[in-house]
Amino acid sequence: MSSPIFGQHFQQALPADQNLENSTRQVSGAVYSHVTPKQPHQPKLIALADGVADQLGMQPAFCASQTFVDVFSGNTVLPEMKPFAMCYGGHQFGNWAGQLGDGRAINLGDILGKNHKRWQLQLKGAGPTPYSRFADGLAVLRSSIREFLCSEAMHHLGVPTTRALSLISTGDLVERDMFYDGHPQMEPGAVVCRVAESFLRFGNYEIFAARQDLSTLTTLVEYTLKEYFPEHYTTYQKDPELGVLNWFAQVCDSTCKLVLEWARVGFVHGVLNTDNMSILGLTIDYGPYGWLDNFDPNWTPNTTDAQHRRYRFANQAPIAQWNLLKLANALFPLIQSTQSLETLLVGFGQQYERDWLKMMGEKCGLYAIDVQHSEYWQTFFAELESLMHNNQVDMTLFFRQLSHLSLDVVPTIAQLEAFLQPLSYIPLEEDQVLLWHAWMARYRDKVLSENVAPQERTAQMQKTNPAFILRNYLSQQAIDLAYQGDMQEVLRLLDALQTPYTEHSKYDSYYQKRPDWAKNKAGCSTLSCSS
Ligand code: AMP
Ligand code: MG
């Protein structure tokens, strides 16, 4: 059993904060600060993602060792490690917030995993850093369970994301005012080890642009290109402005694909601030996120966002575009062409619209959608969405069941009602069923015109429409049990989420509508940022 060797790739390439004191402060001219994790009193492994361990080349014997628990809870810093917290800024809820940074994430360094791929490992909740501002740098068990499970769920759904290696309880208590109502409580603390090729965010570049620190901005951009976008680095060496522009184009593209994936699976991030936007197009920073049960484009899980709903389901693409504009502003000193940046930003919107039609087509089992007739298809899918919305239809169940719906003949009104009612959270009204009937007749024509064998269509549709999503109430049930000391439900969900496109009879209860009791229960319907 040997522990992996941690590298210092990031630390050695980029300028460090010269101040070694772990106190809350503004850090300038540096990309990161050295910091040591807080030692937990009684770290205990709750869950391990075997797939992540395997990808990192970690042997099962090492994962089962005390060294593993010590290293990934922050209890032990191995001799070769130089842990650090990154400096970044960000726009929060539309306003420039200045320096933010890794306030409760401490990077351990990098590991060369399988196929010589380099991964960064970071502990979330391992204590304060110079970027902790007014908070404690810690994380409670409930939010750690949510991040651990959801990042793995996203990965297995095929959505780009940071991953999670381990979930470890610290044995320490953490004070949180969950409802911001002046009634703080002590809760168990935990640490998640997150894994990604890079944790760089839009905010990492914004902070140096805001401070007019062109030198550090350039150093960080060069590092980013060299490490993660080698083809653009080659261009950069010949033509710096073009290299950065091409890279920005790729960030627009990967961000577009990411947001589209969220739309496909019904995920709402909840806090799409620019500090939560990954430069690699990964889902990052799982906080008050949520999954749609009944289809509702206006839904946001984040109570802090309840009033303006900036981060509601249907607003994720425009917000991603707005965030890209902020990144474009930050990179402007290195590109100097407003026109090219604007073209790319407009292109983002066009790409999203086009690809959204294709994605919706695939969800419906329609593969020959002609995006030249985009108006027709936009109306067609908008009608479907408003039918799902108005009738409070469960998004996940609807598309999954649609794959089974026989379209040999036009379903009768009664057949359609029998199909839809179990998928809805409200009694269906007659006039609504008639509207569904009209839509279904058009849908059937489109499906038949594609001439795909029904079994083939079912199989294809099931590859893009999951049976399992990590419904908010499922995580909450696991959390409630965990707070009573029972971690079995966390482990059961961890198993179920690994094959979201396959139904297993033992997990039948997971493929159901949200139960009534969960509709307005805290943690199941909405969440606060307090975690
Ligand atoms: P988030 O909303 O999780 O993306 O966090 C926004 C900023 O607040 C980031 O700089 C975080 O590092 C910081 N932050 C959030 N929670 C804590 C905490 N408990 N302790 C210190 N910093 C935190
Ligand atoms: Mg964040």
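These legends go with several close-up views of a predicted model.

**View 1. How the chain splits into domains.** Start with the big picture: the domain assignment gives domain 1 (9-202), domain 2 (212-361) and domain 3 (366-402 + 404-464). Domain 3 is written as two stretches, 366-402 and 404-464. If you jump from the C-alpha centre of domain 1 to that of domain 3, you cover 43 Å.

**View 2. The surroundings of ligand 1.** Here 16 residues surround ligand 1. Gly101, Gly103, Arg133, Gly137 and Asn276 are the closest of them. Sort the shell by residue type and you get seven charged, six polar and three nonpolar residues. Both domain 1 (9-202) and domain 2 (212-361) chip in, each with at least three residues of the shell.

**View 3. Polar contacts of ligand 1.** Zoom in on the nitrogen and oxygen atoms of the ligand. The side chain of Arg104 puts an N or O atom 3.2 Å from a nitrogen atom of ligand 1. Leu138 joins in through its backbone, with an N or O atom 3.3 Å from a nitrogen atom of the ligand. For Asp285, a polar side-chain atom sits 3.4 Å from an oxygen atom of ligand 1. As for cover, ligand 1 taken alone exposes 480 Å², and the protein buries 82% of that.

**View 4. The magnesium ion, ligand 2.** Two residues serve as protein donors to the magnesium ion: Asn276 through OD1 and Asp285 through OD. These donors lie 1.9 to 2.2 Å from the ion. Both names have come up already: Asn276 is among the residues closest to ligand 1, and Asp285 has a polar side-chain atom 3.4 Å from an oxygen atom of that ligand. Are the two donors buried or exposed? Asn276 has a relative accessible area of 9%, so it counts as buried. Asp285 is buried as well, at 13% relative accessibility.

**View 5. Cysteines without a partner.** How many disulfides does a search of the whole structure find? The count is zero. Take Cys252: the closest cysteine sulfur belongs to Cys256 and is 8.9 Å away, so the gap is too far for a bond. Cys252 is also buried, with a relative accessible area of 4%. Cys524 is in no disulfide either, and its nearest cysteine sulfur, in Cys150, is 14 Å away. With 2% relative accessibility, Cys524 counts as buried too.

Note on methods. Residues are numbered from 1 along each chain as its sequence is written. Chains are lettered from A and ligands numbered from 1 in the order in which they are written. This is a predicted model: local features need pLDDT of at least 70, side-chain atom pairs count only at pLDDT 80 or more; totals for chains, interfaces and linings use all residues. Side-chain values use heavy atoms; hydrogens and water are left out. A residue is near a molecule or strand if one of its heavy atoms lies within 4 Å of it. A polar contact is a pair of N or O atoms within 3.5 Å; within protein, one must be able to donate a hydrogen and the other to accept it, and residues adjacent in sequence count only if both atoms are side-chain atoms. Accessible areas come from the Shrake-Rupley method with a 1.4 Å probe; for residues, only the protein chains shown count as cover. Ala, Val, Leu, Ile, Met, Phe, Trp, Tyr, Cys and Pro count as nonpolar, Asp, Glu, Lys and Arg as charged, and the others, Gly among them, as polar. Domain bounds come from an automatic or database domain assignment. A disulfide is a pair of cysteine sulfur atoms within 2.5 Å. Buried means under 20% relative accessible area, exposed over 50%, partly exposed in between (1.4 Å probe, protein chains only). Donors are N, O and S atoms within 2.8 Å of the metal (3.2 Å for Na, K and Ca); water is not among the atoms, so sites may look incomplete.
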